[in-house]
Amino acid sequence: MNDNGHPFDRRRLLAGAAAASAVTLTGLTVVSTTGAAAAPVRTGTPLLTRDRIAAAALRSPDGSAPAVGVQADFHARLAAWLAFWSANSPPTWSAPTQVVARVEPAGDALVLHAIRYRRDDQTYAGFAAARRDATHLATLASLHHHFPSVRIRPDGTIRVGDGPAGFTGAPEQIAFAVAACRELWDDATATAGRWQEHAGRVLARAGQPADAASHAGWAAFTRTSLRRGLGTESYE
């Protein structure tokens, strides 16, 4: 099944908003990701003060919406990520209206709690940290597509660190690939030791054969896993 046909005006609206939008929320210090590429080193770079990501309002987990500081390049990547997530969501979902998250004090990392959209004048969570289902793995895939440092915290929230996208060999990336193969692609035999073989079968099934550890292969694997997890493409 493939119902990934969003109206083009929605894509343009979100992409246009992404270029000029930004992030907010209160800071929270969390454990850093090990094994992933290091975030860019910035010296004296002024933070932007924002309260949105693309067209979506940013909210803290307690419901408040204080403006906070964020690095400009990190915000740009967040906006591109949210547009990507929305473009691959079901066509009945609106563009995201709220992102529930906290931005760390340095402005180059975010802890994601939820993504909300509207359908038939009701608000729904397309991603919720406590809901460990296909949408959780799909959102994780979308973040791995755009960032090198992505880590699930014990409560299901996802900590994202700034940096160029790509496969780094980080334990979190391999753990995600194994979980996606098992839970999204029904390959119960997937293991960390042979994850590339299993992910390669996924890509062949999707008609995009590649080495999942390559730049293009990792992008394809995370993109197809996002679509399968959100139900916009089955690749059957």
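The following legends describe close-up views of aromatic contacts in a predicted model.

**View 1. Phenylalanine 176 and tryptophan 218 form an edge-to-face aromatic pair.** A search of the whole structure finds 11 aromatic pairs. In the pair of phenylalanine 176 and tryptophan 218, the rings are 6.1 Å apart centre to centre, with 85 degrees between the planes. The contact links distant parts of the chain: phenylalanine 176 belongs to helix α4 (residues 171-184) and tryptophan 218 to helix α6 (residues 215-230), 42 residues apart. Phenylalanine 176 has a relative accessible area of 2% and is therefore buried. Tryptophan 218 also counts as buried, because its relative accessibility is 2%, and the cut-off for a buried residue is under 20%.

**View 2. Phenylalanine 176 also pairs with phenylalanine 221.** The ring centres of phenylalanine 176 and phenylalanine 221 lie 6.0 Å apart and the planes meet at 70 degrees, so this pair is edge-to-face; the cut-off for that class is over 60 degrees. Here too, distant parts of the chain are linked, with phenylalanine 176 in helix α4 and phenylalanine 221 in helix α6, 45 residues apart. Both phenylalanine 176 and phenylalanine 221 are buried.

**View 3. Five aromatic residues form one cluster.** The members of this aromatic cluster are Phe167, Phe176, Trp195, Trp218 and Phe221. Among them, Phe176 forms edge-to-face pairs with Trp218 and with Phe221.

**View 4. Arginine 119 lies over the face of tyrosine 124.** The distance of arginine 119 from the ring centre of tyrosine 124 is 4.5 Å.

Key
Residues numbered from 1 in each chain as written. Predicted model: local features only at pLDDT ≥ 70, side-chain atom pairs only at ≥ 80, totals over all residues. Heavy atoms only, no water. Phe/Tyr/Trp six-rings, centres within 6.5 Å; stacked < 30°, edge-to-face > 60°. Helix = DSSP H or I, 4+ residues; strand = E, 2+ residues; numbered from the N terminus. Buried < 20%, exposed > 50% of the residue type's maximum accessible area, 1.4 Å probe, protein only. Lys NZ or Arg CZ within 6 Å of the ring centre and 35° of its normal.
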